[in-house]
Amino acid sequence: MDPGNLSPQETKKLEEINIDLTMRSIAVTYMSMIGRCFDNCVNDMTSKSLTAKEEKCVKSCSEKFMKYQQRLEQRFNEESANLNGP
Amino acid sequence: MSFFGMGARVPATGYDENKINGIKGEMLMIQQMKDKASLVCLEKCVPNYYSDGDLNKGESNCVDRCIGKFFQTIKVIGTEMQKQQQGGM
């Protein structure tokens, strides 16, 4: 991406787009976390509420997922910065 | 350069639509690559059971290597696609 010579209007427009893409990305990540944790932790459909075991699993799963996502984004941003450069 | 044959500036909006769309496309592409990397590296690095909420050392290292390889894969595929295009159909 070349941030050079953008007009104030262009900068503003790109900021709007960036916010939009970020929101969408958060939604994708959120849905992915829900899908995975539900799929992996919740299997007992004999009761309507989560069992203690399932709840514990969902907590661990989401905590782990968020740590995973954080690390992934860190590394991804480092690597994508190198992609266009040397 | 113009995709839609109207490369001139648009004074009404105060910005070059094509330029903005180009940058937007690039941002979108990077975003989608990140989403894809997240999906594929999760499968390869994080097992489906959860004793606790920590990302352990092995899993963290796996994520680092996975991203490294993911980008190398992108480069290899990019080169192959260029070859294909230059070689004609």
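## Burial and overall form of chain A

Of the 86 residues in chain A, 30% count as buried. The structure is a predicted model. Chain A contains two helices and zero strands. Helix H1 of chain A covers residues 8-41, and helix H2 covers residues 52-84.

The radius of gyration of chain A is 19 Å, whereas a compact globule of 86 residues would have a value near 12 Å. Along the principal axes, the C-alpha atoms of chain A fill a box of roughly 60 × 30 × 15 Å. One pair of positions links the two helical regions to a distance: A:Glu63 and A:Val28 are 35 residues apart along the chain, and their C-alpha atoms are separated by 17 Å.

## Surface and charge of chain A

Chain A has an accessible surface of about 5,900 Å², and carbon and sulfur atoms account for 58% of that area. The chain carries 12 positive and 13 negative charges, and the mean positions of these two sets are 8 Å apart.

A nonpolar patch on the surface is formed by A:Tyr30, A:Met31, A:Ile34, A:Phe38 and A:Met45. Together these residues have about 560 Å² of accessible area. A:Phe38, one of the members of the patch, is placed in helix H1 of chain A. With a relative accessible area of 46%, A:Phe38 is partly exposed, because the partly exposed class runs between 20% and 50%.

## Chain B

Chain B also has a helical make-up, with two helices and zero strands. Its helix H1 covers residues 17-45, and its helix H2 covers residues 57-86. Of the 89 residues of chain B, 29% count as buried. The accessible surface of this chain comes to about 6,200 Å², with 59% belonging to carbon and sulfur atoms.

B:Ile67 is located in helix H2 of chain B. Its relative accessibility is 0%, so B:Ile67 counts as buried. B:Ile67 and B:Ile20 are 47 residues apart along the chain, and the distance between their C-alpha atoms is 28 Å.

## Salt bridges between the chains

Side chains of opposite charge can pair when their charged atoms come close. Over all chains, the whole structure holds twelve salt bridges. One of the pairs is formed by the side chains of B:Glu43 and A:Arg36, with an N to O distance of 3.6 Å. This pair joins two chains, because B:Glu43 lies in helix H1 of chain B and A:Arg36 in helix H1 of chain A. The partners fall into separate burial classes: B:Glu43 is exposed, with a relative accessible area of 57%, while A:Arg36 counts as buried at 9% relative accessibility.

A:Arg75 and B:Asp64 also meet through their side chains in a salt bridge, at 2.9 Å from N to O. Here A:Arg75 lies in helix H2 of chain A and B:Asp64 in helix H2 of chain B, so this pair joins two chains as well. At 21% relative accessibility, B:Asp64 counts as partly exposed. Its value lies just outside the buried class, because buried means under 20% relative accessible area. A:Arg75 and B:Asp64 also belong to a network of salt bridges, in which they are linked with A:Arg71 and A:Glu78.

## A salt bridge within helix H2 of chain A

Which residues of chain A meet in a salt bridge of 2.9 Å, N to O? They are A:Glu63 and A:Lys67, which make the contact through their side chains. Both residues are in helix H2 of chain A, and because they are four residues apart there, about one helical turn separates them.

Are A:Glu63 and A:Lys67 buried, partly exposed or exposed? A:Glu63 counts as partly exposed at 36% relative accessibility, and A:Lys67 counts as partly exposed at 29%.

Notes: Residues numbered from 1 in each chain as written. Chains lettered and ligands numbered in written order. Predicted model: local features only at pLDDT ≥ 70, side-chain atom pairs only at ≥ 80, totals over all residues. Heavy atoms only, no water. Rg over C-alpha atoms; globule rule 2.2 N^0.38 Å. Buried < 20%, exposed > 50% of the residue type's maximum accessible area, 1.4 Å probe, protein only. Areas by Shrake-Rupley, 256 points an atom, 1.4 Å probe, with all protein chains shown as cover. Lys, Arg positive; Asp, Glu negative; His and termini not counted. Charge placed at Lys NZ, Arg CZ, Asp CG, Glu CD. Patch = residues over 30% accessible without salt bridge, like charges linked within 9 Å, V, L, I, M, F, W, Y side chains within 5 Å. Salt bridge = Lys/Arg side-chain N within 4 Å of Asp/Glu carboxyl O.
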